[in-house]
Amino acid sequence: MSCVAQLWDDEWDMVVISLQATAPFLHLGALVAVTALSWLVSGQFAKAERAASQLLMFGTYFAVVLGVYLVPLTISSPCLMERKDLGPRPALLGHRGAPMLAPENTLMSFQKAMEEKVYGVQADVVISYDGVPFLMHDQTLRRTTNVEEVFPELAYDHSSTFNWTDLERLNAGKWFLKNDPFWTVGSLSPSDFVKAANQSVCRLTEMLKMVKGNATVLLNLRSLPEDHPYFRTSVNVTLEAILASGIPQQAVMWLPSLDRQLVREAAPGFQQTCGQKTDAQRLRDQGFQMLNLRYTKVTRQDIREYASANLSVNLYIVNEPWLYSILWCMGVESVTSDNSHVLRRLPSPLWLMPRDEYHLIWITADLASFVIIVGIFIFQK
């Protein structure tokens, strides 16, 4: 249990969030269960010969029933609200494009994201050994290319140690069709299947040219080995590529903390983005416009405080409709998702209920349960 707790440390917060989505329904399910259990308990109660046994049995069951009746006092869900108070739906940023519909960080992936009319896309930038910014998340090329076939002796080398001419020789799509990471390959059309199989490593400039004028970009710069020729100038090289692409500066959300002052001077229009949860006023004083955080790291109150300080909050990685619904009710402005093609089709949160209506359902269900339980005990006696 100790090992599991450490491995899943960041996932335990997920339990609290999931209860915000399911607690009202779990309560009704528990209510049905304890009510149905009354038939068994009342039967054993009637058969018990000793008063002490009857008292223990009845007392235990009564405590459980009372606890279930009062559980709603502890339930707090963002979706218990009036529909008129619901804010706009969170904008969607495609995580490395549209990775459920095409191989991640490839030109096809970003094309699919554009077809889904997402608000923006997120990408990870690496600098090749000869100074070409390209898109790759992992430190090595093994997972998302066929580097083990083309350059087997270099398969475990850092992705930035390859020249662009070598990177161009790699296939960046067949792994997607073979591994089917999201179990979505079967839904691809024949033409998309062929297209995915022929994807290559994507240059940063290719992606920027595609999204220019249609979407924003959230860029993260992957760290380089210290012996890399562009170790100290990776920010400069990336900035040159972005500015030369012609994409509006306001459409760029800049996440890397390295040389941030240099970036502010060279591209004052970039949306400076912080990747750590910090005091709202401090962020404003430091010139940030938005935050990019994991969804388990913020509360509804945090969202309100950042909004009052005119700070946008983007949360990652949000793939499930129920989670997207909870964040929608919380007032989150945008989320990064692998599943944007599904989330964008949600017309509203999966459920939304006025608090007074829920209280009415709660009290009515409790009263009905109480009447049934009393009737069963009388019948069994």
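Helices (H or I, at least four residues) and strands (E, at least two) are taken here as DSSP runs, numbered from the N terminus. The model is predicted, and local features need pLDDT of at least 70, side-chain atom pairs count only at pLDDT 80 or more, while totals for chains, interfaces and linings use all residues. Residues are numbered from 1 along each chain as its sequence is written, and side-chain values use heavy atoms, with hydrogens and water left out.

A good place to begin is helix α2, where Val15 is found. Val15 has 43% relative accessibility and therefore counts as partly exposed; in these terms, buried means under 20% relative accessible area, exposed over 50%, and partly exposed in between (1.4 Å probe, protein chains only). Val15 also belongs to a nonpolar surface patch, together with Val4, Leu7, Trp8, Trp12, Leu19 and Leu26, and the accessible area of the patch is about 710 Å². Two elements, α1 (2-7) and α2 (12-47), each give two or more residues to the nonpolar patch, and the largest share, 4 residues, comes from α2. Patches consist of residues with over 30% relative accessible area and no salt bridge, with like charges joined within 9 Å and nonpolar side chains (Val, Leu, Ile, Met, Phe, Trp, Tyr) within 5 Å. A salt bridge is a side-chain nitrogen of Lys or Arg within 4 Å of a carboxyl oxygen of Asp or Glu, and accessible areas come from the Shrake-Rupley method with a 1.4 Å probe, where for residues only the protein chains shown count as cover.

Attention now turns to strand β2 (residues 120-127), in which 8 of 8 residues are buried. Both of its faces are covered, with Gly120, Gln122, Asp124 and Val126 on one side and Val121, Ala123, Val125 and Ile127 on the other. Strands are said to pair if DSSP finds at least two bridges between them. With strand β1 (residues 91-95), β2 pairs in the parallel sense over 3 bridges, and His95 stands opposite Gln122. The pairing of β2 with strand β4 (residues 216-221) is also parallel, over 6 bridges, and here Leu219 is the bridge partner of Ala123. Strand β3 (residues 133-135) runs antiparallel to β2 and is joined to it by 3 bridges, with Val125 opposite Leu135. β2 and β3 form a hairpin with 5 residues between them, and Gly131 in the turn has a positive phi of about 90°.
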